[in-house]
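Dear colleague,

I am handing over the structure below, together with some notes on what was found in it. Please read them with the structure open beside you.

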Amino acid sequence: FRVFAGTINGAGAIEVMVARPADQSTMARVVKMVSEAQAQRSSAQNFTERFERWFVPAVLAFVGLLLLAWVVVDEPFAASFYRAMAVLVAASPCALAISVPSAVLSGIARAARGGVLIKGGGALENLGTLHAIAFDKTGTLTEGRPRLTDVVTADGITEQELLNVALAVEQLSDHPLANAVVAGAQARLGASAQTLTVTELESITGRGVRARLGSDAVYLGKPPPLSSLVVANERLIGAGRTTMIVQRGERDLGVLGLMDTPRAGASKVMAELHALGIERLIMISGDNQRVAESVAQQVGLTEAHGDLLPEQKVEAIQTLRASEGKVAMVGDGVNDAPAMAHATVGIAMGAAGSAVALETADVALMADDLAQLPFAVGLSRQASRIIQQNLWISLGVVAVLVPATLIGLKMGVAVIFHEGSTLVVVINALRLLGYRKP
């Protein structure tokens with residue numbers, strides 16, 4: 001099994017093999033991701049940068065003109081100089097410059113304390129403004145530990161023959177369904193399990209696996225159109241099972257039915273997300289459409305799309321982005337990496353041990369706990385509200401102080417309001433550190 005830095009050994013001895021150098025450890029990847037958190041800038045950060053790029057030169061030019069007011073207006077140079085300096089203080093965009101970064105950093109820090117890593121202000125703001133989230137099924141909405149529940153043999157085939165062939169092939173695969181077949185077959189066969197030599201194992205993306213057993217080709221996966229087991233397969237699918245046909249050569253050996261149970265708190269999580277304003281909760285899965293619909297109904301999703309290959313999942317995400325503007329994709333960060341990369345926000349589940357998750361995802365739920373998702377969405381929504389508040393406060397103070405200083409507001413009062421607005425936006429942003437899940 002895998003151990004991480006800080007793992008405590010109890011009684012007895014333990015041998016540990018170093019799998020990666022220190023700079024490739026989970027902690028090193030987390031540190032690197034946090035250090036690059038500002039790489040993804042939010043739209044609010046980009047707005048303030050563009051605004052300051054034009055506003056600051058305009059203010060300096062305006063102040064230069066005010067310094068020459070004594071030439072046009074009958075007043076001493078000291079009065080023109082004082083007024084120009086008062087306007088310079090009033091128009092200085094200090095509060096605007098700190099308003100967004102302070103909220104972003106507070107939001108990222110609070111998320112990290114809650115076990116959620118967010119890659120910068122762009123991901124934080126996008127997660128707080130979207131209204132659609134897509135989910136993978138296996139390992140995300142379900143426990144990811146399917147079990148073999150049904151074994152249906154073809155005419156003239158024994159259960160022992162079927163399971164021995166399936167066991168021999170699936171032992172060479174690391175897919176979660178393969179692990180379930182191996183465990184179930186070993187439990188059912190017991191001492192009658194045979195050691196068969198399988199070669200040339202090949203994974204068929206989105207379909208199954210094929211290999212060679214002696215001189216015969218063996219196939220496990222979705223049924224071909226002319227399979228004699230279509231009726232039995234459909235019956236198991238109707239019962240909510242994930243199925244795979246087993247073929248050896250030209251013969252159908254049987255069909256296996258597996259079941260993966262939904263996560264215990266999945267339905268509660270969906271209700272919380274809906275309460276936060278997520279209107280569309282969509283499943284995109286490579287599993288059968290009826291199985292996907294069955295799981296979606298159990299956990300409370302609004303829609304489900306099954307029978308999708310990896311490239312079709314990407315197309316589904318692109319379609320959602322076209323209709324919704326923004327969409328998040330929640331997956332395990334490995335099989336769903338392409339879809340996550342095309343989503344507005346990619347969210348990886350259980351990313352503590354997954355290098356691909358940390359690299360691909362914009363948001364990483366470090367624990368394998370779906371309940372962290374409403375916390376992340378709620379925090380991001382609060383951060384978006386605070387960013388908007390800070391922008392209105394900082395811009396509003398400048399809009400009021402500049403005309404006021406032109407008509408006689410004293411510099412001391414302008415300084416108080418100017419510095420006060422900076423403190424207000426910082427304190428407002430720091431409220432995110434105390435955010436609690438509703």
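In this predicted model, residues V269, E272 and L273 of helix α11 meet L373, P374 and V377 of helix α16. Helix α11 covers residues 266-275 and helix α16 covers residues 372-406, and the two pack with their axes 9 Å apart, at an angle of about 10°. Because angles under 35 degrees count as roughly parallel, α11 is described as roughly parallel to α16. Sorted by character, the residues of this contact comprise 5 nonpolar and 1 charged, with no polar residue.

A second helix pair, α8 and α9, gives another picture. The axes of helix α8 (residues 159-170) and helix α9 (residues 176-189) come within 9 Å and cross at roughly 140°, and α8 and α9 are therefore oblique to each other. The crossing of these two helices, α8 and α9, is left-handed. On the α8 side the contact is made by E159, Q160, L163, N164, A166, L167 and E170, while α9 contributes A178, V181, V182, A185, Q186, R188 and L189. Of the residues in the contact of α8 with α9, 8 are nonpolar, 3 are polar and 3 are charged.

Turning to the strands, you may ask how many of the residues of strand β8 are buried. In β8, which runs over residues 251-259, 7 of the 9 residues are buried, so the strand is largely enclosed by the rest of the structure. Strand β8 pairs with strand β3 (residues 147-153) in the antiparallel sense, over 6 bridges, and in this pairing L148 stands opposite L258 of β8. Strand β7 (residues 242-248) also pairs with β8 in the antiparallel sense, here over 7 bridges, and the bridge partner of V246 in β8 is G254. The hairpin of β7 and β8 has 2 residues between the strands, and within this hairpin G249 takes a positive phi near 65°.

Helix α6, at residues 120-127, is mostly covered, with 8 of its 8 residues buried. The buried residues of α6 are G120, G121, G122, A123, L124, E125, N126 and L127, so that, with buried meaning under 20% relative accessible area, the charged residue E125 is listed there alongside L124 and L127.

Two single residues remain, and each has a C-alpha separation to a residue elsewhere in the chain that you may wish to look at. V295 is found in helix α12, residues 289-299, and is buried, with a relative accessible area of 6%. Leaving aside neighbours within four places in sequence, V295 is in contact with K137, T142 and M283. The C-alpha atoms of V295 and L141 are separated by 8.2 Å, although these residues are 154 residues apart along the chain.

Is L309 buried, partly exposed or exposed? L309 lies in the loop between β10 (303-305) and α13 (310-324), and, at 23% relative accessibility, L309 counts as partly exposed. The C-alpha atoms of L309 and G286 are separated by 5.8 Å, and the two residues are 23 residues apart along the chain.

With kind regards

Technical notes: Residues are numbered from 1 along each chain as its sequence is written. This is a predicted model: local features need pLDDT of at least 70, side-chain atom pairs count only at pLDDT 80 or more; totals for chains, interfaces and linings use all residues. Side-chain values use heavy atoms; hydrogens and water are left out. Axes are lines fitted to C-alpha atoms, for helices over the stretch in contact, and angles run from 0 to 180 degrees between N-to-C directions. Helices (H or I, at least four residues) and strands (E, at least two) are DSSP runs, numbered from the N terminus. Angles under 35 degrees count as roughly parallel, over 145 as roughly antiparallel, 65 to 115 as roughly perpendicular and the rest as oblique. A crossing is left-handed if the near helix is turned anticlockwise from the far one by less than a right angle, and right-handed if clockwise. Contact means heavy atoms within 4.5 Å. Buried means under 20% relative accessible area, exposed over 50%, partly exposed in between (1.4 Å probe, protein chains only). Two strands pair if DSSP finds at least two bridges between them.
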